[in-house]
Amino acid sequence: MEHRRIRADYDDRHVTVYQAYPAAIARAALAAGRFVPPFKPGRMTWVKPSFLWMMYRSGWGAKPDQECVLAVRITRSGFDWALDRAVPSDAGVGSRPDVRVQWDPERDLHLSPLPHRSLQLGLAGEASRRYVEEWTGSITDVTPLAHEVRDLVRAGDLDAARALLPEERPYPRA
């Protein structure tokens, strides 16, 4: 397995990315079917195609201000646009690229680090605007799924927990 590889739930037209938000932002986005205030499109927003990495980051949707985990279906063309413009987050100190990439250890069901890396994309400026206005196809609350998987892991039923995970496979790059 490659050390750095994008793994995602995708089809011919869309890629699913995950984000965790406070309830006010998530409720507004779910009601509107897109990101609306109090979401601030000018700020850097990080999207993650790995469900388990999002579970690690949000503490299974239990950390303060990350209580609502959203699955956001975005266009593959938008995702690819962002990938094509991504600058490593530690490069260009002092610069403000619209898309930053960061590779963090992927996580297992116990949220322990794995030896390979998982992608995060930071979207700001034009990229954030496009994410909100053009790329987002649907937004789904997956917080109940996060809690169900967490509870199965805590009960030691890893097979049942694994069966609920979204199918993430290597993402092809042209």
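Visitor: What is the strand order of the open sheet of 4 strands?
Guide: This is a predicted model. Its open sheet has mixed pairing. Read across the sheet, the order is β3-β7-β6-β5.

Visitor: Which are the edge strands?
Guide: An edge strand here pairs on one side only. In the order β3-β7-β6-β5, that picks out β3 (45–47) and β5 (87–88).

Visitor: Do β6 and β7 pair in the parallel or the antiparallel sense, and over how many bridges?
Guide: Tryptophan 103 stands opposite leucine 119 in β7. The two strands also form a hairpin, with 5 residues between them. Their pairing is antiparallel, over 8 bridges.

Visitor: Which residue in the turn of that hairpin has a positive phi?
Guide: Look at the 5 residues between β6 and β7. One in the turn has a phi of about 65°. That residue is leucine 111.

Visitor: In which sense do β5 and β6 pair, parallel or antiparallel?
Guide: Proline 88 has valine 101 in β6 as its bridge partner. β5 and β6 are joined over 2 bridges. The sense is parallel.

Visitor: In β7, what is the bridge partner of tryptophan 46?
Guide: β3 and β7 run antiparallel, joined by 3 bridges. Tryptophan 46 pairs with a residue in β7. Its partner is glycine 122.

Visitor: Which strands does α3 lie across?
Guide: Helix α2 (residues 51–58) lies across β6 and β7, at about 90° to β6. Now take α3, which runs at about 100° to β7. α3 lies across β5, β6 and β7.

Visitor: Why are α3 and α4 described as roughly antiparallel?
Guide: The axes of α3 and α4 come within 10 Å. Angles over 145 degrees count as roughly antiparallel. α3 and α4 are therefore roughly antiparallel to each other, as their axes cross at roughly 175°.

Visitor: How many nonpolar residues are in the contact of α3 with α4?
Guide: From α3 come Gly78, Trp81 and Ala82, which meet Glu126, Ala127, Arg130 and Trp135 in α4. This contact has 1 polar and 2 charged residues. The nonpolar ones number 4.

Visitor: How many residues does the largest nonpolar core have?
Guide: Phe35, Phe79, Leu121, Leu123 and Tyr131 have the most contacts inside this core. Elements giving two or more residues to the core include α3 (76–85), β7 (113–123) and α4 (125–135). The core has 31 residues.

Visitor: How many residues are in the other core, apart from the largest?
Guide: Its members include Trp60, Val69, Leu111 and Ala161. Leu111 also sits in the hairpin turn. This other core has 16 residues.

Key
Residues are numbered from 1 along each chain as its sequence is written. This is a predicted model: local features need pLDDT of at least 70, side-chain atom pairs count only at pLDDT 80 or more; totals for chains, interfaces and linings use all residues. Side-chain values use heavy atoms; hydrogens and water are left out. A nonpolar core is a set of buried Ala, Val, Leu, Ile, Met, Phe, Trp, Tyr and Cys residues joined through side-chain atoms within 4.5 Å. Buried means under 20% relative accessible area, exposed over 50%, partly exposed in between (1.4 Å probe, protein chains only). Two strands pair if DSSP finds at least two bridges between them. Contact means heavy atoms within 4.5 Å. Axes are lines fitted to C-alpha atoms, for helices over the stretch in contact, and angles run from 0 to 180 degrees between N-to-C directions. Angles under 35 degrees count as roughly parallel, over 145 as roughly antiparallel, 65 to 115 as roughly perpendicular and the rest as oblique. Ala, Val, Leu, Ile, Met, Phe, Trp, Tyr, Cys and Pro count as nonpolar, Asp, Glu, Lys and Arg as charged, and the others, Gly among them, as polar.
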